[in-house]
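This report addresses a pocket, two sheets and one helical residue in turn. The sequence and structure are shown first.

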Amino acid sequence: MKIDPITFAIIKNALDTMVDDMAYAVMRTARSPIIRDVLDYSVTMCDAQGRILSQAKTVALHLGAVPDAVEVVMKKFAGKFEPGDVIILNDPYEGGMHLPDIFMFKPIFLQDELQGFSVVIAHHCDVGGRVPGSNAADSTEIFQEGLRISPTKLYARGVPNETLFDIIARNVRLPDLVFGDLDAQLATCNIGERELLRLFERYGIGELNAYFDELLNYGERLTRGSIAKWPQGSVEFTDYIDDDGFSPDPIPIRCKITVKGDHLLVDFTGSSPQVKGAINSTLSFVKSATYLSVRCALGADVPNNAGVYRCIDVVAPEGSILNPIIPAPVAARALTGYRVVDTVFGALAQIVPDKVMAAGEGGNTVVALSGMDPVRKTPFILVDMINGAWGGRADKDGIEGVTNPSQNMSNLPVETLEARYPVILEEYSYRPDSGGAGRFRGGLGLVRQYRVLADDVVAQVRSDRAAHAPYGLFGGEPGAVSRNVLNPDTTNEPLPSKFTCRLPAGSVIRHEQAGAGGFGSPLERSPEAIQNDVRNGKVTRSAAEAKYGVVFDGEKIVSSAPRQRLQPSGAEA
């Protein structure tokens with residue numbers, strides 16, 4: 001069939017608008033703050049073969065895992081899909097990523113034939129397990145982490161599966177919030193179904209599916225066209241996770257990228273074996289992290305669909321931290337996904353140095369506080385995700401107070417946090433001098449300091465980059481390392497990067513997030529940019545003098561070290 005470019009553009013934009021409308025629907029209807037305010041969810045539309053047609057501007061780390069999840073669903077229910085069905089799953093060893101992320105698929109039918117799927121993934125506030133929030137880094141097997149759901153029909157021909165609803169209700173700590181968020185997912189799937197059927201009614205089944213095929217081919221062609229221009233051969237890069245919370249040994253993530261023609265092989269052989277703590281990552285999540293990293297180095301006109309994935313093969317040995325064997329725990333697997341992104345970026349910097357930023361803050365920090373609200377007399381679970389800083393780029397400074405590029409999430413507003421939970425946020429600020437020095441400075445890390453007002457609060461923190469600072473590129477300096485402190489104004493007790501403990505009322509936890517790495521030699525930074533950083537409180541005078549070689553007279557820079565030229569010849573960790 002001849003493809004009309006105008007019709008092609010209309011259908012492409014219709015799909016993009018469709019998924020963004022779905023994303024807004026989740027935000028407006030979800031019950032729990034981690035979805036509604038932090039935006040830890042994703043939506044996408046798939047064709048009848050389960051191929052991603054378009055994905056919303058939501059958590060990118062989720063979406064590259066959809067192909068593996070939909071493959072499991074289609075295998076289990078082949079020939080058994082019916083109108084009105086809704087399938088959910090969360091089992092990391094059967095299509096999922098970690099237990100709080102519940103996938104929901106709604107098959108879409110027209111003329112009694114399957115035409116596609118609307119898909120919503122949401123991070124639920126609790127799915128049971130040994131620690132409230134179901135996200136603890138110190139679990140040692142999947143069985144401690146909560147309720148595992150293999151691909152199961154939540155609704156069959158529109159009729160609710162009361163047995164499954166009852167199992168969920170009896171295994172989660174806040175069933176009203178969980179069911180409210182499941183309802184938000186279902187309402188959003190219904191929106192996707194309605195809008196996709198409108199497209200079919202306008203263009204017809206045969207014609208629209210032909211355009212879907214062309215849309216995926218278009219994504220593949222643009223991706224291959226970009227990769228074909230890259231230098232041929234292999235590059236390698238290694239980054240580290242500090243520890244798994246049990247052993248102090250650093251955990252290497254090794255990446256080898258081979259450019260062969262218009263195709264990439266990304267091989268993680270040599271990465272750490274699976275670990276005792278819950279930072280192991282499913283292979284589907286590693287694929288997702290890899291896809292999005294490569295996508296960041298492609299042109300802005302490349303569509304976000306499954307055509308991109310055809311150009312990239314990902315290898316991670318079974319039994320490694322990037323492809324664990326059951327019963328390895330995976331609740332805190334996001335940390336490893338972030339380090340995969342950092343590692344792939346470090347390798348890509350040797351291929352396309354002008355397309356990649358230095359390491360960011362290391363991924364968000366998770367601070368979970370739970371207990372009994374002394375005023376409302378009800379249980380509470382706060383899962384706060386602190387999103388920090390980007391690394392310096394080839395032509396711009398890193399920015400701060402912003403989501404990691406793999407997330408598209410948000411920091412929970414202070415007002416929302418304090419209105420819903422017995423917690424006071426005593427400080428929420430930038431961390432001066434934390435951004436790595438460079439021709440283009442790394443973004444600053446954030447500080448969040450919490451005072452708990454309830455007694456016997458379970459505190460669980462998942463952070464990193466306390467021992468291995470975010471790397472700079474091409475002579476840029478690393479960012480500052482992170483730090484956790486208990487009661488900073490009294491005992492000032494250092495805490496590890498990953499821990500679970502109980503706190504009495506009045507206790508204070510302070511997290512100082514790592515800063516991002518710099519890009520290029522600090523001696524290439526302009527005196528005007530240094531002056532502005534000092535004026536804005538992002539860099540202290542003493543740090544400016546030490547890192548950038550400038551001399552102040554009063555508030556003005558009067559001299560500086562000889563400026564050097566940036567030579568982007570390779571990445572440095």
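## Largest pocket

In this predicted model, the lining of the largest pocket is made up of 31 residues. Those that lie nearest the centre of this pocket are Gln55, Arg295, Val302, Pro303 and Asn304. Four elements each give two or more residues to the lining: helix H1 (5–29), strand E2 (52–55), helix H3 (60–63) and helix H8 (283–296). Of these, H8 gives the most, with 5 residues.

The space in the largest pocket amounts to about 700 Å³. Sorted by class, its lining comprises 16 nonpolar residues, 9 polar residues and 6 charged residues.

## Five-stranded sheet

An open sheet is built from 5 strands in the order E14-E15-E20-E17-E18, and the pairing is antiparallel. Its edges are formed by strand E14 (423–430) and strand E18 (493–495), each of which pairs on one side only. From one strand to the next, the twist averages 20°.

At the E14 edge, the partner is strand E15 (residues 446–452). The two strands run antiparallel and are joined by 7 bridges. Within this part of the model, Leu425 stands opposite Tyr450, a residue of E15.

## Four-stranded sheet

Another open sheet has 4 strands, arranged as E13-E12-E16-E19 with antiparallel pairing. Here the edge positions belong to strand E13 (379–386) and strand E19 (498–503), and each of them pairs on one side only. Neighbouring strands of this sheet are turned against each other by 10° on average, when direction is ignored.

The edge strand E19 pairs with strand E16 (residues 457–462) in the antiparallel sense, and this pairing extends over 6 bridges. Opposite Val458 stands Arg502, which belongs to E19.

## Ser226 in helix H7

Ser226 is located in helix H7, which spans residues 205–227. Is Ser226 buried or exposed? Its relative accessibility is 19%, and the limit for a buried residue is under 20%; Ser226 therefore counts as buried.

Which residues does Ser226 contact once its neighbours within four places in sequence are left aside? The contacts of Ser226 are then with Leu298 and Gly299.

Note on methods:
Residues are numbered from 1 along each chain as its sequence is written. This is a predicted model: local features need pLDDT of at least 70, side-chain atom pairs count only at pLDDT 80 or more; totals for chains, interfaces and linings use all residues. Side-chain values use heavy atoms; hydrogens and water are left out. On a 1 Å grid over the protein atoms alone, a cavity is a set of points where a 1.4 Å probe fits but cannot get out, and a pocket is an open set with protein on both sides within 12 Å along at least five of seven lines; lining residues have an atom within 4 Å of a point. Grid points are joined across faces, edges and corners, and a volume is the space filled by probe spheres set on the points. Ala, Val, Leu, Ile, Met, Phe, Trp, Tyr, Cys and Pro count as nonpolar, Asp, Glu, Lys and Arg as charged, and the others, Gly among them, as polar. Two strands pair if DSSP finds at least two bridges between them. Axes are lines fitted to C-alpha atoms, for helices over the stretch in contact, and angles run from 0 to 180 degrees between N-to-C directions. Buried means under 20% relative accessible area, exposed over 50%, partly exposed in between (1.4 Å probe, protein chains only). Contact means heavy atoms within 4.5 Å.
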